[in-house]
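Me: Please take a close look at the buried interior of this structure, and tell me which parts of the chains build it. I am a first-year student, so a connected account that goes step by step would help me most.

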Amino acid sequence: MLTAILEHSSLFLQQLVNGITLGSIYALIAVGYTMVYGVIQLINFAHGEIYMLGAFISFSLLTGLFGVGLPFWLAVLVAVLVCALAGVLLDIVAYRPLRRAPRLAALITAIGMSIFLQNLALLIWGAQIKSFPRNLIPAFFNEPALQFGDVVVSWLQVIILLTAIFLMLALQLIVHYTRLGRAMRAIAQDKTAASLMGVNVDRVVSYTFALGSGLGGVAGILVALYYNAVYPTMGYFAGIKAFAAAVLGGIGSIPGAILGGGILGLAEVFGGGYISSSYSDGIAYAVMILVILVKPNGLFGRQLRDKA
Amino acid sequence: MDKRKTGEILLQAHKLVKKFGGLTAVKEVSLEVRAGEIIGLIGPNGAGKTTFFNCLNAIAVPTSGEITFAGHSLVSQVSGASSRLIFRSALLFALLSLFWLPLVLGVVWPETFFRLEAVLSLSSLALFRIYLLRPLTRFRPWSRLLLIIFVLVDGICAVSWLWRSAEFAEVSFFGLFPFYPMLVPGALLLLIAAPILLLLFNLSQVKEAFGQHLRADAITVFGMGRTFQNIRLFSSLSVLDNVKLGRHCRTRANFFGIVFGLPQARKEELDSAEKATECLNFVGLGQQLESLASSLPYGAQRRLEIARALATEPKLLLLDEPAAGMNPTESAELITLVRRISAAGIAILIIEHDMKVMMNLADRIYVLDHGELIASGTPAEIRSNAKVIEAYLGA
């Protein structure tokens, strides 16, 4: 086995690079699931659709608003802001009225919103797969940044990884060292006590959605650039995969979501590369199931807290 | 230095009633706390003391009665009928706003022929209008004014569109059907709805309803801090973070300031760390800033809860059985702490089982039994009150 890997070391390294790239994208999406779950114990199934919206909105902004496309970086920035806003609106319109309802009601609403947003995108942008015109995105993206023998790391892969690392670090800082993050952690533990200490719970939940959806939007844009394909159902598949990553890492835990995303990305790419590309999804989910069998709360999941 | 002087009335509850289904947990309880006082609330288990606290904090909604705190009325006196009325008219406004969207699209930008970007920007505008009116359901006075302004603007728009309607004869809606047949009834609808909404929002009962619904966090901002009977610390947060959370309502950094780490937000963070440390030193926990709240011993957790409540800069502190489960040394320390808090000029309303603690701490005592106020007065009066003796020793 070892010799086989050594013989195919360039294939192995290339798969590793691809796996890490994919994993960091899954991690970015999974963080959105896990943050919302951590704060209000809701699995926001429409999160994948926010990711899809990120891709579509950046596409629309690039290819022409009012006849003129925005410059690439500005388009990305605006698309991320729109995604954050869409997340907040989603919460206000769909979830907030159900905050005191049984949890199942909010879950069904989340699935409903997911289907609604998917079909809205279908209506606005159509079903065919769109790709970014080559002249509108920076040319260096697909040029190799590093090259060892046959192993090529493109600039886009470098950017994806660096963006993911940067955003994760920033998120950790926000969650652990700011007023907002503290309020989020407090609400996750005891909503009533937090509100009695003067925290406006609704506002903090809105900000949580804004953060998670912003990260989801970034992931959507990165994926759209990486595969150069934008289509209405892209959010569904990526969303399920990222949800699996969040569960694998222990839903509610941000480091768990990052690790889960990485593991799932690597499993998918290596499974696809060494076993069969048509089984790559199946292998990724099999890894998740195995982990869950051994650690039912996920890698970093806490035991369900008892009311002590 | 003793800053204590009994001043103006800080908290006044008048005939407060709270029913849970058929059970009346609090029956017409009236109580007042003046600035600087230490007031005791005692009674056997299940007498409704904690429920009473929950009503003060808007955790539970009182069935009837009034609460005034620091000049603010905390209990909504809004009847169900008028809140339904407001809710329905807000809904009507929301529907009109959504309807208004295609009209503006056609009128403002006929040349764009309903392109995606126009749809997007205008739908966000319509949604933003609705979003701004969220506080309608919480009866905030400015949201009522905002709605009236929006409705007036809509009315003016509708008139001007009708005036210019001939210009839109050629425009088609997404290339599907002519826009004109939609414009005229749409504008008429807005014109009809505008006076109805104006009328509804100027009804005297609607006007009265505004400014009376308060959430728990708003009451904390007014200056009511509290601790809990069964400790409710954020156990996975550090001691310092627990207290810094109390500073949340006294800091103002907004979302962008926090996310981009703007200097103002960072300065505020340092300030709140400093204030939180002060509060912790005050209760004697200044040495354990970074340990987890759950790792503290029981008595220290109680004091941490008090520090967290103090960090919200309360005028009135509600203590729910702060000495429960404490040994005599700890409860003696607690009494000293409560006196020091009181000396700092904070009024205290305290629930306690331990009669001894109460007798030498409280200025006045209220006694609840089965939700009813059976006695009130100075500790000496309470001690000799026949009803109190019966409630505690009889049964």
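Reply: In this predicted model, buried residues make up 50% of the 308 residues in chain A, while 38% of the 395 residues of chain B count as buried. To read these percentages, keep in mind that a residue is called buried if 20 or more other C-beta atoms lie within 10 Å of its own.

Let us begin with the framework of chain A, whose secondary structure comes to twelve helices and two strands. Along the sequence the order is α-α-α-α-α-β-β-α-α-α-α-α-α-α, and the radius of gyration of the chain, 20 Å, is close to the 19 Å that the globule rule gives for 308 residues, so chain A is as compact as a globular protein of that length. Its C-alpha atoms fill a box of roughly 60 × 55 × 35 Å along the principal axes. Of the contacts in chain A with a separation of 6 or more, 73% are between residues 24 or more positions apart.

One helix of chain A shows burial particularly well. In helix α7 (residues 179-189) of chain A, nine of the eleven residues are buried, so this helix is largely enclosed by the rest of the structure. The buried residues of α7(A) include nonpolar ones such as A:Leu180, A:Met184 and A:Ile187, but also A:Arg179 and A:Arg182, which are charged.

In soluble globular proteins, nonpolar side chains tend to be buried together. Here the largest nonpolar core has 176 residues, and those that touch the most other members are A:Ala30, A:Val31, A:Ile187, A:Ala245, A:Leu264, B:Ala307 and B:Ile348. Helix α9 (residues 201-227) of chain A gives the most to this core, with 15 residues, and from chain B the core draws at least three residues from each of domain 1 (1-76 + 314-395) and domain 3 (230-312). A:Ile187, named above among the buried residues of α7(A), is thus also one of the core members with the most such partners. A:Val31 makes the picture concrete: leaving aside its neighbours within four places in sequence, A:Val31 is in contact with A:Leu171, A:Gly212, A:Leu215, A:Ile254, A:Ala257 and A:Ile258. There is also a second, separate core of 25 residues, which includes B:Val151, B:Ala158, B:Ala194 and B:Leu197.

How do the two chains meet? Their contact takes 26 residues from chain A and 31 residues from chain B. On chain B, the helices α3 (116-132), α7 (216-222), α8 (239-246) and α9 (255-259) each supply at least two residues of the side that touches chain A, and that side has 14 nonpolar, eight polar and nine charged residues.

Within chain B, whose secondary structure comes to 15 helices and twelve strands, the domain assignment gives domain 1 (1-76 + 314-395), domain 2 (80-209) and domain 3 (230-312). The C-alpha centres of domain 1 and domain 3 of chain B lie 26 Å apart, and the contact between these two domains takes seven residues from domain 1 and nine residues from domain 3. On the side of domain 1 that touches domain 3, the residues divide into five nonpolar, one polar and one charged.

Technical notes: Residues are numbered from 1 along each chain as its sequence is written. Chains are lettered from A and ligands numbered from 1 in the order in which they are written. This is a predicted model: local features need pLDDT of at least 70, side-chain atom pairs count only at pLDDT 80 or more; totals for chains, interfaces and linings use all residues. Helices (H or I, at least four residues) and strands (E, at least two) are DSSP runs, numbered from the N terminus. A nonpolar core is a set of buried Ala, Val, Leu, Ile, Met, Phe, Trp, Tyr and Cys residues joined through C-beta atoms within 7 Å. A residue is buried if 20 or more other C-beta atoms lie within 10 Å of its own, exposed if 12 or fewer, and partly exposed in between; C-beta atoms are placed from the backbone. Domain bounds come from an automatic or database domain assignment. The radius of gyration is taken over C-alpha atoms; the globule rule is 2.2 Å times the number of residues to the power 0.38.
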